[in-house]
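Work through the exercises below with the model open. Try each task before reading its solution.

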Amino acid sequence: MDLSIQFDKVLNEARDISSAEIRDEIVQSLHEKSKELCARTVTFSKTKEDVRTEKLDAVLTSPIFGFPIMLIMLGAVFYLTIAGANVPSSMLGEFFSWIEGYLTIFFQWMGAPEWLYGILVLGLFRGTTWVISVMLPPMAIFFPVFALLENFGYLPRVAFNMDRIFKQVGAHGKQSLTMAMGFGCNAAAMMSTRIIESPRERMLAILTNNFVPCNGRWGTLIILSSLFMAAGFTGGWASLVTTAVIVGIVLFGIIVTFFVSFVLSKTALKGVPTHYTLELPPYRKPKVWDTVIRASLTRSISVLMRAVKIAAPAAMLTWILANVFIGDTSILMYFVNFLDPFGKMLGMDGYILAAFLIGLPANEIVLPVLLMGYLSTGSLTEVDNLMDLKQIFLDHGWTWLTALNMMLFSLLHFPCGTTLVNIYKETKSKKWTFMSFIIPTVIAIAVTFILAQAAWLFGWV
């Protein structure tokens with residue numbers, strides 16, 4: 001009788017334990033048993049490197065210090081990128097402006113027709129060189145610094161820290177590594193999701209990785225943050241405020257990733273999170289020269305060449321759309337006027353939405369296309385400094401709300417064309433490729449709409 005009562009008591013206690021707690025207990029017991037067996041049978045002597053690794057891991061993977069250190073590291077990388085890219089970008093812009101002067105003289109000497117000069121110089125050359133001058137300096141800094149952290153052995157520690165949160169929202173801890181890849185290029189991040197063995201969790205990573213800003217969106221985020229969010233600050237303070245805003249934008253994207261992962265794991269992608277064992281490699285002294293050269297030349301140049309290949313025809317297309325008229329109105333203006341009422345509801349305008357749609361092939365061209373569209377000729381004006389650029393925006397009715405909503409829309413909107421192609425290749429599904437397009441688009445519209453309506457309701461603008 002006593003055994004029956006004891007059994008019923010244990011059974012009732014077991015019913016109160018969740019499946020997640022049972023899995024954790026099983027994994028912990030396996031780990032403890034393995035540790036006990038190793039302690040009985042294996043002897044080893046710790047080297048100085050082992051002791052150093054354990055001491056660093058005690059801090060970097062600590063539940064208390066791990067996440068603050070991650071934020072500090074993220075902010076430091078962004079600060080170096082933003083502060084270091086300003087001067088090279090200006091120098092490249094002046095260099096290309098100098099070349100354009102000679103191109104203009106050459107076309108005048110050739111007696112070339114105005115339309116040919118417009119397409120090749122005002123459209124193709126200006127649009128392409130803008131992408132190079134805005135994108136190349138940040139990439140040349142961000143990729144090497146990020147590669148050095150990877151070479152040092154810090155990124156696996158990030159995955160270890162993030163695993164706790166991802167497991168709570170029904171996703172896999174390895175998704176943090178694909179997110180890190182997404183900071184460079186989301187198209188490449190789609191292929192990196194192959195490291196996630198579970199098909200359900202891999203699909204979660206594919207559908208949510210777009211909420212991490214890729215390199216193509218850095219230019220837009222940095223410039224708009226510098227012009228509108230850091231207005232009134234100069235020197236190092238301006239870079240610091242810009243960095244804080246960018247970090248805030250990135251954190252918001254990560255929060256959206258967690259939210260969408262949680263909702264999908266409870267609805268369309270129900271399932272149990274899988275456990276995995278992550279072997280933390282020892283810390284290594286980074287091979288600075290090899291890492292910097294490899295990251296700068298291979299990754300930066302390859303991403304830049306892809307952007308240029310897409311920016312060139314897009315710039316020409318924008319010039320043509322702005323200079324081909326039906327009646328008294330250009331084709332571009334018909335497109336803009338159609339989108340303008342919806343754009344106003346989101347705190348933006350028709351030009352901005354048109355730029356995002358024309359920029360579907362690559363995010364790098366969104367801002368150049370927007371600037372070309374703002375001008376009556378559809379060509380990119382020569383901008384001597386950021387204040388000239390800000391004046392163009394102010395002349396078209398921009399406020400801090402316009403800038404912030406464009407930054408948020410850039411962060412959350414649909415993936416670029418290359419990423420969508422890679423998603424289809426990885427999933428072999430038109431349904432999930434469409435879902436990867438529609439989910440971020442709906443979220444981007446909802447977030448900007450709510451923010452715009454709230455700003456107008458409370459009189460913030």
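**Exercise 1. Place Ser176 in its helix and describe its surroundings.**

Step 1. Ser176 lies in helix α7, which covers residues 175–182. Helices here are DSSP runs of H or I with at least four residues, strands are runs of E with at least two, and both are numbered from the N terminus.

Step 2. Check the accessibility of Ser176. Its relative accessible area is 7%, so Ser176 is buried. (Buried means under 20% relative accessible area, exposed over 50%, partly exposed in between, with a 1.4 Å probe and protein chains only.)

Step 3. List the contacts, meaning heavy atoms within 4.5 Å. Leaving out residues up to four places away in sequence, Ser176 touches Val158, Ala159, Met162 and Phe166.

A note on the source: this is a predicted model, where local features need pLDDT of at least 70, side-chain atom pairs count only at pLDDT 80 or more, and totals for chains, interfaces and linings use all residues. Residues are numbered from 1 along each chain as its sequence is written, and side-chain values use heavy atoms, without hydrogens and water.

**Exercise 2. Count the disulfides, then account for Cys185.**

Step 1. Apply the cut-off: a disulfide is a pair of cysteine sulfur atoms within 2.5 Å. The structure has zero.

Step 2. Why is Cys185 unpaired? The closest cysteine sulfur is that of Cys416, 6.4 Å away, which is too far for a bond.

Step 3. Now turn to Cys416. It is in no disulfide either; the nearest cysteine sulfur belongs to Cys214, at 6.2 Å.

Step 4. Are these two cysteines buried or exposed? Cys185 is buried, at 17% relative accessible area. Cys416 is also buried, at 7%.

**Exercise 3. Find the residues with the most contacts inside the largest nonpolar core.**

Step 1. Define the set. A nonpolar core joins buried Ala, Val, Leu, Ile, Met, Phe, Trp, Tyr and Cys residues through side-chain atoms within 4.5 Å.

Step 2. The largest core has 98 residues. Phe78, Phe183, Leu370, Phe393, Trp398 and Met406 touch the most other members.

Step 3. Find the main contributor. Helix α5 (residues 114–152) gives the most to this core, 12 residues.

Step 4. Look around Phe78. Beyond four places in sequence, its contacts include Phe142, Phe183 and Trp218.

Step 5. A second, separate core holds six residues, among them Tyr117 and Ile119.

**Exercise 4. Summarise the whole chain.**

Step 1. The protein chain has 19 helices and two strands.

Step 2. Of its 461 residues, 49% are buried.

Step 3. Among contacts between residues at least 6 apart in sequence, 77% join residues at least 24 apart.
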